[in-house]
Amino acid sequence: MIAEDIINQIKNGGVSVTQSSYRTALVYLLRTSGYRSTDIASALGVRPNNVDYYYNKSQDFMEWNDKPFMAALKDLEQHEITLIPY
């Protein structure tokens, strides 16, 4: 999936399985890259507590080998993702 499609999936804030999987995978990647919950929350337009929830959920999905999450994670790992302070 190209970056523009991924961005559209995440920024629309929907609750479909695909959108939720991409959002959760993105939080996982950003947290494991060392970004703070507050910075991730600001970038995604969610509360910092939700970032912690998504991160914990991503660990469960990895343990269960959840197919939608693993597919989203694989797609996102093909891109360089950084947060730029504003």
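Let's start with helix 3, which covers residues 37–44: its buried residues are Ser37, Ile40 and Ala41. If you look down the axis of helix 3, those buried residues fall within an arc of 100 degrees, so they line one face of the helix. Keep in mind that this is a predicted model.

What sits over that buried face? The cover for the buried residues of helix 3 includes helix 2 (17–32) and helix 4 (48–64). Just after helix 3 comes glycine 45, and its phi is positive, at about 75 degrees.

**The whole chain**

Now zoom out. The protein chain has five helices and zero strands, so to speak an α-α-α-α-α run when you read from the N terminus. Here are some values for the chain as a whole:

| Property of the protein chain | Value |
|---|---|
| Box filled by the C-alpha atoms, along the principal axes | roughly 35 × 25 × 25 Å |
| Radius of gyration | 12 Å |
| Exposed area | about 5600 Å² |
| Distance between the mean positions of the positive and negative charges | 5 Å |

How does the radius of gyration fit with a compact globule? A compact globule of 86 residues would have a radius of gyration near 12 Å, and the chain has 12 Å, which agrees.

As for what is inside and what is outside, buried residues make up 31% of the 86 residues. On the exposed surface, carbon and sulfur atoms supply 49% of the area. The charges behind the last table row are 8 positive and 10 negative ones.

You can also ask how far along the sequence the contacts reach. Take the contacts between residues at least 6 apart in sequence: 59% of them join residues at least 24 apart.

**A look at phenylalanine 69**

One residue lets you see such a contact pattern up close. Phenylalanine 69 lies in helix 5, which spans residues 67–77. Is phenylalanine 69 buried or exposed? Its relative accessible area is 0%, and buried means under 20%, so phenylalanine 69 counts as buried.

Which residues does phenylalanine 69 touch, leaving aside those up to four places away in sequence? They are Ser21, Thr24, Ala25, Ser58, Phe61 and Met62. Of these, Ser21, Thr24 and Ala25 carry numbers that fall in helix 2 (17–32), while Ser58, Phe61 and Met62 fall in helix 4 (48–64).

Finally, pair phenylalanine 69 with tyrosine 22. The two are 47 residues apart along the chain, yet their C-alpha atoms are separated by 7.0 Å.

Key:
Residues are numbered from 1 along each chain as its sequence is written. This is a predicted model: local features need pLDDT of at least 70, side-chain atom pairs count only at pLDDT 80 or more; totals for chains, interfaces and linings use all residues. Side-chain values use heavy atoms; hydrogens and water are left out. Buried means under 20% relative accessible area, exposed over 50%, partly exposed in between (1.4 Å probe, protein chains only). Helices (H or I, at least four residues) and strands (E, at least two) are DSSP runs, numbered from the N terminus. The arc is that of the directions from the helix axis to the C-beta atoms. Contact means heavy atoms within 4.5 Å. The radius of gyration is taken over C-alpha atoms; the globule rule is 2.2 Å times the number of residues to the power 0.38. Accessible areas come from the Shrake-Rupley method with a 1.4 Å probe; for residues, only the protein chains shown count as cover. Lys and Arg count as positive and Asp and Glu as negative; His and the chain ends are not counted. The place of a charge is taken as NZ of Lys, CZ of Arg, CG of Asp or CD of Glu.
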